[in-house]
Amino acid sequence: MSHSAPYPVRLADEITRQLGQLSDHLSQLPPPQAAQVIARVLDPDNGVLGGVTHLVITGSHFAKSEAERGALPAEVWLALGRAANELHDISLDLDEHQDLFQHLGTRPAISAAKPPAPAPLVVRRRR
């Protein structure tokens, strides 16, 4: 990374690097700690997902201005707006489960004598 890059570009690079580190750590954590990390990442107000959503919304506003000036194709603005809307919807869907992650992260470790029964996986999409 060049030191001549403007601070916001270096900041974006550093955040990307740290997200990679967080992913690496998450894959190695015991379930209660992993749940705590996920709960914080998914926090709609103060978490990573909320921050990324806000960043994409801000990028969409920038792209709209640039598209109105003719510097960007309208498709770029529309794609960023669509991404912002999708991220917002995903945040709302995941917010419903925020308490479950927090609870899982604070409950005591379960003994290894009897593993929990697996739950059936159900895919549900709202539209």
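## Exercises on a helical model

L22 is found in helix 1. Keep in mind that this is a predicted model. Let's work through a few tasks.

**Exercise 1.** Work out whether L22 counts as buried, partly exposed or exposed, and which surface patch L22 helps to make.

*Solution.*
- Start with the cut-offs: buried is under 20% relative accessible area, exposed is over 50%, and partly exposed is in between.
- L22 has 32% relative accessibility, so L22 counts as partly exposed.
- Now look at the patch: L22 joins Y7, L11, I15, L19, V48 and V52 in a nonpolar surface patch of about 540 Å².
- Two elements, helix 1 (7-26) and helix 3, give two or more residues to this patch.
- Helix 1 gives the most, with 5 residues.

**Exercise 2.** Check whether the span of helix 3 agrees or disagrees with what its number of residues leads you to expect.

*Solution.*
- Helix 3 covers residues 48-69.
- With 22 residues at 1.5 Å a residue, helix 3 should span 32 Å.
- The end C-alpha atoms are 32 Å apart, so the two values agree.
- Just past the end of helix 3, G70 takes a positive phi of about 90°.

**Exercise 3.** Describe the surroundings of T53: is T53 buried or exposed, and what is T53 in contact with?

*Solution.*
- T53 sits in helix 3, and its 6% relative accessibility is why T53 counts as buried.
- Its side chain reaches the backbone oxygen of L49 at 2.8 Å.
- Setting aside neighbours within four places in sequence, T53 is in contact with A84, L87, H88 and S91.
- Now zoom out: the buried residues of helix 3 include T53, L49, V56 and A63.
- What covers the buried residues of helix 3 includes helix 2 (31-42) and helix 4 (74-95).

**Exercise 4.** Find how many salt bridges the whole structure has, and say how far apart in sequence the partners are in helix 3.

*Solution.*
- A search of the whole structure turns up 3 salt bridges.
- In helix 3, K64 pairs with E68, with the closest N and O atoms 4.0 Å apart.
- K64 and E68 are 4 residues apart, so about one helical turn separates them.
- E66 and R69 also meet in a salt bridge, at 2.6 Å from N to O.
- E66 and R69 are 3 residues apart, which again means about one helical turn.
- Why does that spacing work? An α-helix has 3.6 residues a turn, so residues three or four places apart point the same way.
- Compare the exposure within the second pair: E66 is buried at 17%, while R69 is exposed at 61%.

Note on methods:
Residues are numbered from 1 along each chain as its sequence is written. This is a predicted model: local features need pLDDT of at least 70, side-chain atom pairs count only at pLDDT 80 or more; totals for chains, interfaces and linings use all residues. Side-chain values use heavy atoms; hydrogens and water are left out. Buried means under 20% relative accessible area, exposed over 50%, partly exposed in between (1.4 Å probe, protein chains only). A polar contact is a pair of N or O atoms within 3.5 Å; within protein, one must be able to donate a hydrogen and the other to accept it, and residues adjacent in sequence count only if both atoms are side-chain atoms. Contact means heavy atoms within 4.5 Å. Patches are made of residues with over 30% relative accessible area and no salt bridge: like charges are joined within 9 Å, nonpolar side chains (Val, Leu, Ile, Met, Phe, Trp, Tyr) within 5 Å. Accessible areas come from the Shrake-Rupley method with a 1.4 Å probe; for residues, only the protein chains shown count as cover. A salt bridge is a side-chain nitrogen of Lys or Arg within 4 Å of a carboxyl oxygen of Asp or Glu. The expected span of a helix is 1.5 Å times one less than its number of residues.
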